[in-house]
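Thanks for coming. I have one structure to go through today, and I will keep to the geometry.

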Amino acid sequence: QHSIWHAIGSAGAFGAMSLSTTDIPLSDLQCNGEELPLRTYPARWRILAMYMLLGFTNQSCWLTLSTVSSRAAARYNVHEDWVTAQTTSVTVLFLPGAWLCSRVLASTNLRRTVIVGATMQAVGVLIRYFADVLLRPHYPRLAFAAIFFGQDLTALAAPSFMSTPAVLAEDWFSAAERETALSAAIFSPIVGQGFGGAISGFTVSGDHGEGVEQVMGVQAAVSVLLFLWAWLSFRAKSPTQPTRARHDAASEIPVLQTWAKICCRPQFLLLLSVFDAGTAIAAAVLTLIGQLAEACGYGPGIAGGGSGLYILCGIVGALVAGSAMGRTRAYRTCLRCSVMGSVVAGVVFLATLQPGSPGGLLASMGCFGMLLMSCMPALITNAVEETFPQPADACTSLLFLSANVLQIFVTPLLQAVHRTEPDQCGGLLAPSRLFILVLALFGCLLPALVYKGECNRKKVEDQARSEAEAEISAAMQVS
């Protein structure tokens, strides 16, 4: 009788993956060493909210000075290029940060990884704040050096919140909820980037950047509170696993060896191409939208409104894509639809970037953001499926690492091409717009169409479901 109920419980929980129970200690859930039923817990939403806020705050700190670079340069008595270098160094430090994140995750667990990242983030923003308040009035350049160091310390923490969303989603959420949670976790840092730049633009004023200390003070207070919350409440994983598919233990293979092994998979390299080209286009458009809009006769209001619509619609697109993948589990189909839709929307956006059509420009940019950002969860999900059973954070780290490197070159190159154009508000055949179209065609669309990666994780879950159903049938016959 016990085996019958064990079989029914195992398969029944697998079929109703959205089942929620109260938080129960693992010791209270063990059943004579037998495999426990699949279930999810209400604590998963608290863990997800904490994770999203940490990523949001981390990326908002990154762009504190970038949108007010000239005022920041005057405030700290440095050349504006140093402010730009401070912003650019964050992308360079993603590689050592990703390696550190992978090593901590391999040797411990997700809780320790998040705590380490939250600690570095809190210490980094506190250094920035006290350097501005205490050092700047007397030694402005020394204060900027300390702010540079504090920002770099915060940058090293970024992969703890940007490379591990797949790990969080798999450890806490059922297969039906996993992609939605993944989408939310992925997109929160991107929203933080837009918020960080916008809040500095609205708050900082004057020739010497009055208001920077208030922005840094709020960021420091929030980061410390999030560190305390994570220390007290963030848990390593769900007391019982929500799905049957499990990745290889990250500690079994060195990080660099794991990355090299993943890079030897041709289908993953196709996903890498789509992810890198897509994020490079997104970063370039958001960075240069002010210049592109100004060349066509639009003011900062249209550029800022377009950026805001891009981010807001992107949130909707990412969540819709995650929900669609969770419901259908048609991962490759969702990826192709997202990429093809984003390319079409991108062409429409470039075509409507003309004088005298602000409404069309704003609408097209919102659609472009919605479809382009929907590609991100689809790409990461397909990457995890293709590289399974390799650790989920390994492929995510590679995606973001390579994307950050490519962005360093694409945005300045597009800006240089745009500046050399005789008519900077030309049509689709203008050199700068052709540059974007060619990158989208050969970097995104073609690789997505030829991608034929395996859904390895899905196969394991389907096989486990079949075995559970067979166990139920056998138990019923015995009874």
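The second largest cavity has a volume of about 50 Å³. This is a predicted model, and every value I quote is computed from it. In total, the structure holds five cavities of 30 Å³ or more. What lines the second largest cavity? The lining consists of Leu292, Leu350, Leu353, Leu414, Ser432, Arg433 and Ile436. By type, that lining divides into five nonpolar residues, one polar and one charged. Helix 19, residues 431–450, gives the most to the lining, with three residues.

Next, the nonpolar core. The largest nonpolar core has 99 residues, and the members that touch the most others are Phe234, Val339 and Ile380. Helix 14, residues 266–295, is the top contributor to this core, with 15 residues. Which domains does the core draw on? At least three of its residues come from each of domain 1 (42–236) and domain 2 (255–473). As general background, nonpolar side chains in soluble globular proteins tend to be buried together.

Now the charged pairs. Side chains of opposite charge can pair when their charged atoms come close. How many salt bridges does a search of the whole structure find? The search finds nine, and I will go through three of them.

One is between the side chains of Arg44 and Glu177, at 3.0 Å from N to O. Arg44 sits in helix 3 (residues 43–62) and Glu177 in helix 11 (residues 175–203), so this pair links distant parts of the chain, 133 residues apart. Are these two side chains in buried or exposed residues? Arg44 has a relative accessible area of 2%, so it counts as buried. Glu177 is buried as well, at 15%, because the cut-off for buried is under 20% relative accessible area.

Another salt bridge joins Glu213 and Arg75, with the closest N and O atoms 2.8 Å apart. Again the pair links distant parts of the chain: Glu213 is in helix 12 (residues 212–233), Arg75 is in helix 4 (residues 69–76), and they are 138 residues apart. Glu213 is partly exposed, with a relative accessible area of 25%, whereas Arg75 is buried, with 6%.

The third I want to show is Glu385 with Arg457, where the closest N and O atoms are 2.9 Å apart. This pair links helix 17 (residues 358–387), which holds Glu385, to helix 20 (residues 456–478), which holds Arg457, and the two residues are 72 apart in the chain. Glu385 has a relative accessible area of 0% and is buried. Its partner Arg457 is buried too, with 3%.

Which residues do salt bridges with shared partners join into one network? They are Arg75, Asp132, Arg136 and Glu213. Two of these, Glu213 and Arg75, are the pair I described a moment ago.

On to the backbone. The peptide bond from Phe388 to Pro389 is cis, with omega near 15°. Pro389 is in the loop between helix 17 and helix 18 (392–419). Glu385, from the salt bridge with Arg457, belongs to helix 17.

There are also positive phi values to mention in residues other than glycine. Asn77 has phi near 55°. Its place is in the loop between helix 4 and helix 5 (80–92), and helix 4 is the helix that holds Arg75. Asn77 has a relative accessibility of 45%, so it counts as partly exposed.

Arg329 is not a glycine either, and its phi is positive at about 55°. Where does Arg329 lie? It lies in the loop between helix 15 (300–328) and helix 16 (331–352). With 13% relative accessibility, Arg329 counts as buried.

Last item: helix 10, residues 165–172. Why can helix 10 be called largely enclosed by the rest of the structure? Because eight of its eight residues are buried. The buried residues are Pro165, Ala166, Val167, Leu168, Ala169, Glu170, Asp171 and Trp172. Under the residue classes used here, Glu and Asp count as charged, so the buried residues of helix 10 include charged ones, namely Glu170 and Asp171.

That is what I have. I will take comments now.

Conventions: Residues are numbered from 1 along each chain as its sequence is written. This is a predicted model: local features need pLDDT of at least 70, side-chain atom pairs count only at pLDDT 80 or more; totals for chains, interfaces and linings use all residues. Side-chain values use heavy atoms; hydrogens and water are left out. On a 1 Å grid over the protein atoms alone, a cavity is a set of points where a 1.4 Å probe fits but cannot get out, and a pocket is an open set with protein on both sides within 12 Å along at least five of seven lines; lining residues have an atom within 4 Å of a point. Grid points are joined across faces, edges and corners, and a volume is the space filled by probe spheres set on the points. Helices (H or I, at least four residues) and strands (E, at least two) are DSSP runs, numbered from the N terminus. A salt bridge is a side-chain nitrogen of Lys or Arg within 4 Å of a carboxyl oxygen of Asp or Glu. Buried means under 20% relative accessible area, exposed over 50%, partly exposed in between (1.4 Å probe, protein chains only). A nonpolar core is a set of buried Ala, Val, Leu, Ile, Met, Phe, Trp, Tyr and Cys residues joined through side-chain atoms within 4.5 Å. Domain bounds come from an automatic or database domain assignment.
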